[in-house]
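Hi,

Here's the structure I promised to pass on. Have a look at it first, then read on for what turned up.

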Amino acid sequence: MSVDPSAPEIVTEDLVTLMNAARTCVLVHDAETKNILWANPAACELLGWPLDELRPLKANHMSSTAPQYHRVLGRAWLQEAVERGSSRIEWHYRTRSGRVVPTDALARRVELAQGPAVMVEFRDIEREQATEQALRRTTSSIDALARHTSTIALALDSAGTVRFATDTALALLGMVPEEMGRQLDEFGTLRAGGRPVSWADVAAQADPTIEVQLQVPRPSTDEAVWLEGTLERLAEPDGDGLLMILHDVSGRVHREVLRERELHRENYQARYTAMGDMAMAIAHELGQPLAAAGNFLAGTTRHAGVLEDEGTLSRESADRLRFGIGSAVRQIDRASAIVGAVRAFVGHLEHSRQVVDLHDVVDECLYFVRLRAVDPGVRVVVHRHPEPCRRSASGC
């Protein structure tokens, strides 16, 4: 044995001491008979037998009863190490208490003073296998989350770059896996508190979470996809990671829009109906005073003629009086015509269906248009069709 002169010399007894102190389990088998020649304390402790009881044991005494750990297979594994120099295998040992211990076992051919032997180094991998199974389960769960869940999940960095997206998120955003690394705001409009915001704004407010919406346009349709959820800052050492969990709320948003339109229509109809009721009431109340005023003026005109005939009223004064009364009568007639037109128009607010000439409808509308056009001096020009335009119409 070559010893470094600058280091303390290790003697043979020290090697035995080191082997006994090692926590790696070691068994030494005879290369020909495969009998156990020696075991270090770590192997005796794991298997539960002292060395003197362990040496006479065979593979069937200290291996799992499963078919893949049969004595014949164990001897073949050791023989392969004898012939090739080494052989590795996962071997399940059975302890004295009956516990089966999975191990990673390496058999090596070694030349001892008494002849060739096989040294088997093995370690308990039960905890490693449990960890591996847990990792597989976790990986399976993550894969299920990414591939099969309806939840829209996005992992982003502080700049808003998409680092991970579930399949559902990819489909709704119109993204393919190769497009990971694009900015989120390239796919839609971010909203917070009902107003559009930039990624920098929502990222700064995610302390640790903020409610967000993402409006994704659909060029093929008029309606956008509405996503709603939270943006959460992950507890990473650099604080760079953010997780966005969204759900498709397009149906709810579209229903709210339709409901808002319906409410607007109902409010408009309510105001329209109230206006019609008020107009009808005003038309009814004004009709009688206007008719009475016309009668009074007609009586005054007749009385002026009698006074003129008697000589009490001069011809010139009678003419001036008739002119004034005539002007007042024309204004009363105009007011009566307006009241009549309002009454006819309001009557159309009732639910009815009839065949009408569109020329008549235009005439009714023109009356009110011309009333507004007189003062600013606007000239109203109408081009009528030469024939009646009859249509089935409903008013409501």
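Before we get to the helix, one term: two parts are in contact when they have heavy atoms within 4.5 Å of each other. One caution too: this is a predicted model.

With that in hand, find helix α5, residues 71-84. Helix α5 lies across β1, β3, β4 (100-112) and β5 (115-124), and its direction makes an angle of about 155° with β3.

Now for the sheet under discussion. In general, strands of a sheet pair through backbone hydrogen bonds, either parallel or antiparallel. Here five strands form an open sheet in the order β2-β1-β5-β4-β3, and the pairing is antiparallel. At the edges sit β2 (36-39) and β3 (86-94), each pairing on one side only. From one strand to the next, the twist averages 30°.

If you'd like to trace one pairing by eye, try β1 (residues 25-30) with β2: the two run antiparallel and are joined by three bridges. One place to look is L27, whose bridge partner in β2 is A39.

Then there are the aromatic rings. How many aromatic pairs are there? The count comes to three. Take W77 and W91: their ring centres are 5.8 Å apart and their planes are at 20°, which is under 30 degrees, so this pair counts as stacked. The pair links distant parts of the chain, with W77 in helix α5 and W91 in strand β3, 14 residues apart. Are these two buried or exposed? Both W77 and W91 are buried. Ring pairs also bring in Y69, making a cluster of Y69, W77 and W91.

Cheers

Definitions and conventions. Residues are numbered from 1 along each chain as its sequence is written. This is a predicted model: local features need pLDDT of at least 70, side-chain atom pairs count only at pLDDT 80 or more; totals for chains, interfaces and linings use all residues. Side-chain values use heavy atoms; hydrogens and water are left out. Two strands pair if DSSP finds at least two bridges between them. Helices (H or I, at least four residues) and strands (E, at least two) are DSSP runs, numbered from the N terminus. Axes are lines fitted to C-alpha atoms, for helices over the stretch in contact, and angles run from 0 to 180 degrees between N-to-C directions. Rings of Phe, Tyr and Trp (its six-membered ring) pair if their centres lie within 6.5 Å; planes under 30 degrees apart count as stacked, over 60 as edge-to-face and the rest as tilted. Buried means under 20% relative accessible area, exposed over 50%, partly exposed in between (1.4 Å probe, protein chains only).
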